[in-house]
Amino acid sequence: MRNGAQKRALSEGMVSSFWFLPGLLTVGAFVLFGVTLNLERLVPSDVSGLPLVFSGGSDAARTVLSVISGSVMTVVATVFSLTIVALQLASAAYSPRLLRNFTSDRGLQVVLGTYIGTFAYSLLVLRVIRTATGETEAFIPVISITTAVVLALVCVVLLVYFIHHIANLIQSSSIVSEAHADAARSLAKLRTRERAPGGGAPDGDTDPHPRFKGLLREKPLVVRSRASGYVQHLDVDSVLRAVAGGAEEMVVEIPFGPGHFVSAGLPLVQVRPAPKGGLDRESAVHEAFFLGKERSFRQDFAFGLRQLSDIALKGVSPGVNDPTTSMQAMDRMEAILVALGEKVMPPRVVEREVEACAILLRVGYYDFDDVVGLAFDQLRRAAFASGQVAVLERLLQVLERSLPANDLAVRQKALWDRAFAVGRMAPAQVPDPRDAVALALRAVEVGAPLLETGLAARVGADLEELDGFTEGLAGGERVREAVQSARGASD
């Protein structure tokens, strides 16, 4: 028996699947056939003389419908075969994870559904045509045949639209825009952050009450996963209702949050203290998790950064060598990080009360450092390996622009760590000393405003280290001057 969360996840997956809308349109073709056939019987007079209405005989009617049904299926088979090839090339150039954007595209689904529906409708009309014999009268459903001709003309228009749409769909700008839009819709579900001074612990995490510390040393009851897959949906409230009771205080740990991969046999939930006699509602715990074969945007906004990072990585790879596409993807990463500044990250540690039971809940959600690392760590290493200095400069710019929006110290530290890593690696990884010094200078510019925050000591030490790394390089004195200027301005 599936709970409401699982049913919603299944229904959302079904609605966004490639076959659902075409299936509905095909069923609609059967309904349309019934409507037009009844109209034939309700309209007693001959309407074949009206303009644009089919006026041929039974043989002509069969020919028209045969041509429509045959040509429609030929076109749809050829066009969609070419489309699959185009999508394969696009997935190789950008990211295989982006294929879901094509299969869930409404435009492609409408085109496919209309073509299949027209084919089915033409066959249904074809089977009711009768030629006059000695025993039966001729029956030529002129309204239905005219409708089939209209549908064929619609298919011609959709063919033109389809060619335009698929050409636009595989452009890099459209691909990165769609990945960003998916992430933005998921990001909008997060709670808006209050910026009042002293407004609580960063990102909503709660400092656990000392009374829970003793429970952390107890042996837990472990509910293990029965299957492997990515956590697409997690209903935390259902988990807590399933484990609450039997103790006044407990610690509940959920190691894998949305977006993480769970292998069969690994812990889904750990409960301390272990309930005596086991867990009565263990099946409810399993039902609170929906595992799928791939990540989903349902509760996982970081999936958008994963897709954009994949596109950027492909762009800096030697086989593709397209830094412009990489920087397009980074533009969208910047937009996500700036928007994230207004949101509270899902709390990893929080206290809850369920059925008079005080619960310390610990969930393995992505924190801000995880999100920034997901976006930039692999990209930084790949850009250094391929010598894409322009991509590294854009990366530092993204980090610099994201700092004002993410004004919590823990977030600024995560952003600065990535900027410092670029400046630190540049002298050893970039062959041209001028480029290495330029990257180090940009890193100093990123860190300078942080010298006036609570991170001043950490950032100051890192800037001094950057000065040491560039010592001896042509133009390295510029880094020293920039570091001294930044420290002087902060003093």
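**Exercise 1. Find where Leu42 sits and decide whether Leu42 is buried or exposed.**

Step one: Leu42 has its place in helix H2, residues 20-42. Helices here are DSSP runs of H or I with at least four residues, strands are E runs of at least two, and both are numbered from the N terminus. A quick note before going on: this is a predicted model, where local features need pLDDT of at least 70, side-chain atom pairs count only at pLDDT 80 or more, and totals for chains, interfaces and linings use all residues. Residues are numbered from 1 along each chain as its sequence is written, and side-chain values use heavy atoms, with hydrogens and water left out.

Step two: buried means under 20% relative accessible area, exposed over 50%, and partly exposed in between (1.4 Å probe, protein chains only). Leu42 has a relative accessible area of 66%, so it is exposed.

Step three: Leu42 belongs to a nonpolar surface patch with Val27, Val31, Leu32, Val35 and Leu39, and together they have about 520 Å² of accessible area. Patch members have over 30% relative accessible area and no salt bridge; like charges are joined within 9 Å, nonpolar side chains (Val, Leu, Ile, Met, Phe, Trp, Tyr) within 5 Å. A salt bridge puts a side-chain nitrogen of Lys or Arg within 4 Å of a carboxyl oxygen of Asp or Glu. Areas come from the Shrake-Rupley method with a 1.4 Å probe; for residues, only the protein chains shown count as cover.

**Exercise 2. Work out which residues Ala375 is in contact with, leaving aside its neighbours within four places in sequence.**

Start with the place: Ala375 lies in helix H12. Its relative accessibility is 0%, so Ala375 counts as buried. Contact means heavy atoms within 4.5 Å, and the partners are Leu305, Ser309 and Met333. As for Leu337, 38 residues away along the chain, its C-alpha atom is 9.7 Å from that of Ala375.

**Exercise 3. Check whether the end-to-end span of helix H13 agrees or disagrees with its 17 residues.**

First, the expected span is 1.5 Å times one less than the number of residues. For H13 (residues 389-405) that gives 24 Å, and the end C-alpha atoms are 26 Å apart, which agrees. Next, look at the packing: the buried residues of H13, including Val389, Leu392 and Leu399, pack against helices H10, H11, H12, H14 and H15.

**Exercise 4. Say how many disulfides the structure holds.**

A disulfide is a pair of cysteine sulfur atoms within 2.5 Å. The count is 0. Cys155, at 3% relative accessibility, counts as buried, and Cys357 is buried at 1%.
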